[in-house]
Amino acid sequence: MNTEMFYTFDENEKPLDRMPSGGGFCGILESVGCIGDSLASGEFESISADGVKGYHDMFYYSWGQFMAREAGFTARNFSRGGMTAKEYLESFGQANGFFDSSLACKAYIIALGVNDILNQHQPTGRFGDSADSGSFAGYFGELVRRYRQISPGAKFFFVTMPKQYAADDALRREHAELMYDFARRYDNSYVIDLYRYAPPYTGQFREKFFLGGHMNPCGYRLTAKFFISYIDYIIRHNMEDFMQMGFIGTDFSYPQKK
């Protein structure tokens, strides 16, 4: 067996070029908190006989649970349809016990911003804003800080919004830049950049993988494939960062060479 395939790679490889079987190196994450809105919750739309829309979070179909079944880790849905960083921080997280240390995870995937910036029109803001500023960055930053305190050493993956409509593309790009800024400022932090590397959520893609304004089962499954591919790529390109995953949440460590 040629083991070099696991740690050598084409320097031009892109994060979604390779779809590993069995979850790839995502399997080392052990426990993952999935923080987000409807798209993190496997939400489906329904329309009743009299035309009334319904929205239903079905966690079994969420990308986090699809990832967990494929990669073998435990996924916790810290999410709900319509969620914003503001609501999560001010009420949702505490009301559901999601800030309890007993639910601390070794990794967190945070996919927020659509409802905050695009739907509620919060200013994007910048790294260093306080929650009192009213900006998405302020609320998001405080949320990340809370989880970094709960689980020191945990790995964080910040998700950008995929391209969709020309009318809001500037805001999606602004959000992506903010996610990169957070990843630069915090250790153990990385970006899952759907804005740059995922296909635009338009045309044939939308016809095949959406049900109304939200994804269908295949869409959530595909998103899980994107995330597995991306995180496997991140781990393979940053092996030193992940050598002590098993010690997160413990008092143990192994001194590494400088």
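A crossing of two helices counts as right-handed if the near helix is turned clockwise from the far one by less than a right angle. In this predicted model, helix α1 passes helix α8 in just such a right-handed crossing.

Packed helix pairs are a natural place to begin. Two packed helices are described by the angle between their axes and the distance between the axes. For α1 (residues 63-71) and α8 (residues 217-237), the axes come within 8 Å and cross at roughly 60°. That angle makes α1 oblique to α8. On the α1 side, the contact involves W63, F66, M67 and E70. These residues meet a longer list in α8, made up of P217, Y220, R221, T223, A224, K225, F227, I228 and I231. Sorted by class, the contact of α1 with α8 has 9 nonpolar residues, 1 polar residue and 3 charged residues.

A second pair is formed by α2 (residues 85-95) and α4 (residues 136-150), whose axes come within 7 Å and cross at roughly 40°. The helices α2 and α4 are therefore oblique to each other. Here A85, K86, Y88, L89, E90 and Q94 of α2 meet F136, Y139, F140, E142, L143, R146 and Y147 of α4. The class count for the contact of α2 with α4 is 8 nonpolar, 1 polar and 4 charged residues.

Helix α4 also has a contact with α5 (residues 169-185), and the axes of α4 and α5 come within 12 Å and cross at roughly 35°. As α4 passes α5, the crossing is right-handed. From α4, the residues F136, A137, F140 and G141 take part, while α5 contributes H175, L178, M179 and F182. No charged residues appear in the contact of α4 with α5, which divides into 6 nonpolar and 2 polar residues. Both F136 and F140 of α4 thus serve the contact with α5 and also the contact with α2.

Attention can now turn from the helix contacts to the open space in the model. Rolling a probe the size of a water molecule over the atoms shows where empty space is left. The largest pocket holds about 600 Å³ of space. Its lining comprises 32 residues, with D37, S38, L39, V114 and Q164 lying nearest the centre of the pocket. At least two lining residues come from each of α3 (114-119), β9 (214-215) and α8. Of these elements, α3 supplies the largest share of the lining, 4 residues. In terms of class, the lining of the largest pocket divides into 17 nonpolar, 10 polar and 5 charged residues.

The second largest pocket has a volume of about 180 Å³. Lining this pocket are 16 residues, and those nearest its centre are G153, K155, Q244, F247 and I248. The lining of the second largest pocket has 6 nonpolar, 7 polar and 3 charged residues.

Conventions. Residues numbered from 1 in each chain as written. Predicted model: local features only at pLDDT ≥ 70, side-chain atom pairs only at ≥ 80, totals over all residues. Heavy atoms only, no water. Axes fitted to C-alpha atoms, helices over the stretch in contact; angles between N-to-C directions. Parallel < 35°, antiparallel > 145°, perpendicular 65-115°, else oblique. Contact = heavy atoms within 4.5 Å. Nonpolar A, V, L, I, M, F, W, Y, C, P; charged D, E, K, R; others polar. 1 Å grid on protein atoms, 1.4 Å probe; cavity = no way out; pocket = protein on both sides within 12 Å on 5 of 7 lines; lining within 4 Å. Points joined across faces, edges and corners; volume = space filled by probe spheres on them.
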